[in-house]
Amino acid sequence: IRISYEPKSVSDDEVEEMLGSLREQNAIIEPVERPAEDGDIVTILLEGKLIDGDREQELIKERSVPILAKQEPDDDWPFPGFSALLLKKSAGAEAELDYVYPEDFKQESLRGKKATFHYKVENVKSRVLPELNDDFATSLSEFASLDELRSNVRLSLEKQAEESYNQQYDQLVIDKLIEDAEFKYAPQMLENEIHHAMHDMEDRLQQQGVDLEIYMKSRKLDQNGLKEEIRP
């Protein structure tokens, strides 16, 4: 089997993206007395219900939820674009709104369903990202400079990328091996597997105080009809 081994290198953008994530994780969060701005954390008291004609079904039990307010819509919760509705809202503001989930919504059980939500803003907190400099690198660990931190991040990403690629590569080889292989076995091996399966099932049933013959009759199965492992 010959499959080209072509691992991808880590790009500068990926390194900077990871550094950005580190800044996000170490953001300074503090309460503010102003309307929410892009990037603020808005804590709301939220509840939601599904509406089906005159019937209502609880979707979200009333509880406090922190939401990252942002202008750009993405995979928001409880529905796409919700966080943008919190922009320019101050503590004490509340609203009720309806939403119909699209037919291609990722959660199948909500596709095409109508929901109503009520929320009240409890507080607004700002998120101040630390400057990407030597002081930031030192605050994270034993790194003496930003360059040292950046080098460490690159090495970590390269190791992760290599491990991930090797797993994918190994699977390609195995898939190809199986595709080209022909498996042969003696009929007795199949009989042995059936015997072991039946024996294991009988042991499990005995532990539960169930008779095997009664169980088999209730399931309308017989030994010759077993095609997969039977779980009581």
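Contact here means heavy atoms within 4.5 Å. The model is predicted.

**Exercise 1. The surroundings of Ser83**

Determine where Ser83 lies, whether Ser83 is buried or exposed, and what Ser83 touches.

Solution.
- Step 1: place the residue. Ser83 belongs to the loop between β3 and β4.
- Step 2: check accessibility. The relative accessible area of Ser83 is 1%. Buried means under 20%, so Ser83 is buried.
- Step 3: list the contacts. Residues up to four places away in sequence are not counted; Ser83 then touches Ile67, Leu68, Ala69, Lys70 and Asp76.
- Step 4: look for a polar partner. The Ser83 side chain reaches the backbone oxygen of Lys70 at 3.5 Å.

**Exercise 2. Two other sites in the β3–β4 loop**

Find the cis peptide bond, then describe the backbone and accessibility of Lys88.

Solution.
- Step 1: find the bond. Trp77 and Pro78 are joined by a cis peptide bond, with omega about 10 degrees.
- Step 2: place the proline. Pro78 sits in the loop between β3 and β4.
- Step 3: turn to Lys88. Lys88 is also in the loop between β3 and β4. Its phi is positive, about 70 degrees, although Lys88 is not a glycine.
- Step 4: check accessibility. Lys88 has a relative accessible area of 73%. Exposed means over 50%, so Lys88 is exposed.

**Exercise 3. The nonpolar cores**

Identify the residues that touch the most other members of the largest nonpolar core, and the strands that supply this core.

Solution.
- Step 1: find the hubs. The largest nonpolar core has 24 residues; Ile44, Leu46, Phe82, Leu86, Tyr101, Phe117 and Tyr119 touch the most other members.
- Step 2: assign strands. At least two residues of this core come from each of β2 (41-52), β3 (55-68), β4 (94-100) and β5 (114-128).
- Step 3: find the main supplier. β5 gives the most, with five residues.
- Step 4: look for another core. A second, separate core has eleven residues, including Leu19, Ala137, Phe143 and Leu157.
- Step 5: examine one hub of the largest core. Leaving aside neighbours within four places in sequence, Leu46 contacts Ile60, Lys61, Glu62, Arg63, Val65, Trp77, Pro78, Phe82, Phe117, His118 and Tyr119. Among these contacts are Trp77 and Pro78, the pair joined by the cis bond.

**Exercise 4. A buried aspartate**

Explain why Asp40 counts as buried, and find the polar partners of its side chain.

Solution.
- Step 1: place the residue. Asp40 is in the loop between β1 (28-31) and β2.
- Step 2: apply the cut-off. Asp40 counts as buried because its relative accessibility is 3%, and buried means under 20%.
- Step 3: find the side-chain partner. Asp40 and Arg34 make a polar contact through their side chains, at 2.6 Å.
- Step 4: find the backbone partner. A polar atom of the Asp40 side chain lies 2.7 Å from the backbone nitrogen of Glu37.
- Step 5: widen the view. Leaving aside neighbours within four places in sequence, Asp40 contacts Arg34, Pro35, Ile67, Leu68, Ala69, Val124, Lys125, Ser126 and Arg127.

**Exercise 5. Two helix pairs**

Describe how α1 packs with α3, and how α4 crosses α5.

Solution.
- Step 1: take the α1–α3 geometry. Helix α1 (residues 12-25) packs with helix α3 (residues 146-180) at about 110 degrees, and their axes are 10 Å apart.
- Step 2: classify the angle. Angles of 65 to 115 degrees count as roughly perpendicular, so α1 and α3 are roughly perpendicular. The crossing of α1 past α3 is right-handed.
- Step 3: name the contact residues. Asp12, Glu14, Val15, Glu16, Met18, Leu19 and Leu22 of α1 meet Leu149, Arg150, Val153, Arg154 and Leu157 of α3.
- Step 4: take the α4–α5 geometry. The axes of α4 (residues 187-207) and α5 (residues 212-219) come within 10 Å and cross at roughly 105 degrees. Therefore α4 is roughly perpendicular to α5.
- Step 5: name these contact residues. Met198, Met201, Glu202 and Leu205 of α4 contact Leu212, Tyr215 and Met216 of α5.

**Exercise 6. Tyr5 before α1**

Locate Tyr5 and find the residue that shares a polar contact with its side chain.

Solution.
- Step 1: place the residue. Tyr5 is in the segment before α1.
- Step 2: check accessibility. Tyr5 is partly exposed, at 42% relative accessible area.
- Step 3: list contacts. Leaving aside neighbours within four places in sequence, Tyr5 contacts Tyr165, Asn166 and Tyr169.
- Step 4: pick the polar one. The side chains of Tyr5 and Asn166 are joined by a polar contact of 2.6 Å.

Conventions
Residues numbered from 1 in each chain as written. Predicted model: local features only at pLDDT ≥ 70, side-chain atom pairs only at ≥ 80, totals over all residues. Heavy atoms only, no water. Core = buried A, V, L, I, M, F, W, Y, C linked by side-chain atoms within 4.5 Å. Buried < 20%, exposed > 50% of the residue type's maximum accessible area, 1.4 Å probe, protein only. Helix = DSSP H or I, 4+ residues; strand = E, 2+ residues; numbered from the N terminus. Polar contact = N/O pair within 3.5 Å; in protein donor to acceptor, adjacent residues only side chain to side chain. Axes fitted to C-alpha atoms, helices over the stretch in contact; angles between N-to-C directions. Parallel < 35°, antiparallel > 145°, perpendicular 65-115°, else oblique. Left-handed = near helix turned anticlockwise from the far one by under 90°.
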